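Q: I have a predicted model open and want a close look at one part of it. Please start with the whole chain, then zoom in.

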Amino acid sequence: MEMKCSCGKQMKEKELSLRGFTVKGFECACGQKAYNPIEVEMVRKMVNESVKARTVANSLVVTVPAALAKLAGIKAGDELKWRMDRKHLVLETC
Ligand SMILES: [Zn+2]
């Protein structure tokens, strides 16, 4: 797949970062970026989606929507770690 930048140069396929997610796209030497619109839409949906914490035994349980899991590249059985980033609780892949 090839993509031309508005500056006239050929853009290179690259994994771009969008709100912390890795999204497929293109980047030009001039700095112009083009994101895959389908993946951008997925990220947009995911960051707007909220999940409710439930109580199971004495723990709080939150679910990761399937589309978000796919986007984040996590699946059942994966090892994940929690970390606090200022006031944000961050779930990291190991
Ligand atoms: Zn360019």
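Which domains does the domain assignment of the protein chain give? After that, take me through the hairpin of strand 7 and strand 8 in detail, and set it against the rest of the chain.

A: The model is predicted. The domain assignment gives two entries: domain 1 covers 1-48 and domain 2 covers 51-94. Their C-alpha centres are 26 Å apart.

First, the whole chain. The protein chain holds 2 helices and 8 strands. In sequence order the pattern reads β-β-β-β-α-β-β-α-β-β. The radius of gyration is 17 Å, while the globule rule gives 12 Å for 94 residues. The value is well over the rule, so the chain is more spread out than a compact globule. Along the principal axes, the C-alpha trace spans about 60 × 25 × 25 Å. Buried residues account for 4% of the 94 residues. Take the contacts with a separation of 6 or more: 15% of them link residues 24 or more positions apart.

Now the hairpin. Strand 7 is 80-85 and strand 8 is 88-93, which places both strands within the 51-94 range of domain 2. The two strands run antiparallel and are joined by 6 bridges. Two of the pairs can be named. Asp85 stands opposite His88 in strand 8. Met84 has Leu89 as its bridge partner in strand 8.

The turn comes next. The hairpin has 2 residues between its strands. Arg86 is in this loop, between strand 7 and strand 8. Its phi is near 55°, which is positive, and Arg86 is not a glycine. Arg86 has 5 C-beta neighbours inside 10 Å, so it counts as exposed; the cut-off for exposed is 12 or fewer.

The strands themselves are open too. Strand 7 has 6 residues, and the number buried is 0, so strand 7 lies largely in the open. Strand 8 also has 6 residues with 0 buried, so strand 8 lies largely in the open. Burial would need 20 or more other C-beta atoms within 10 Å. In a regular strand, side chains alternate between the two faces of the sheet.

Look at the other end of the hairpin. Glu79 sits in the loop between helix 2 (66-72) and strand 7. The C-alpha atoms of Glu79 and Cys94 are separated by 6.0 Å, although the two residues are 15 apart along the chain. Glu79 has 8 other C-beta atoms within 10 Å, so Glu79 is exposed.

Elsewhere in domain 2's range, one more loop deserves a look. Ala57 lies between strand 5 (54-56) and strand 6 (59-61). Phi of Ala57 is positive, near 55°, again in a residue other than glycine. Ala57 has 5 C-beta neighbours inside 10 Å and so counts as exposed.

Now set the hairpin against domain 1. An open sheet of 4 strands has the order 1-2-3-4, with antiparallel pairing. Strand 1 (3-4) and strand 4 (33-35) are its edges, and each pairs on one side only. Strand 3 and strand 4 are joined by 3 bridges in the antiparallel sense. Helix 1, residues 37-48, lies across strand 2 (10-18), strand 3 and strand 4. The helix runs at about 150° to strand 3.

Gly25 is the residue to inspect here. It belongs to strand 3, residues 21-27. Is Gly25 buried or exposed? Gly25 has 21 other C-beta atoms within 10 Å, and the threshold is 20 or more, so Gly25 is buried. Its bridge partner in strand 4 is Tyr35. Setting aside residues up to four places away in sequence, Gly25 touches Lys14, Leu16, Lys33, Ala34, Tyr35 and Asn36. The C-alpha atoms of Gly25 and Asn36 are separated by 5.1 Å, with their positions 11 residues apart along the chain.

To recap the contrast: Gly25 in strand 3 is buried, whereas strand 7 has 0 of its 6 residues buried and strand 8 likewise has 0 of 6. At the turn, Arg86 combines a positive phi with exposure.

Methods
Residues numbered from 1 in each chain as written. Predicted model: local features only at pLDDT ≥ 70, side-chain atom pairs only at ≥ 80, totals over all residues. Domains from an automatic or database assignment. Contact = placed C-beta atoms within 7 Å. Pairing = 2+ DSSP bridges. Axes fitted to C-alpha atoms, helices over the stretch in contact; angles between N-to-C directions. Rg over C-alpha atoms; globule rule 2.2 N^0.38 Å.
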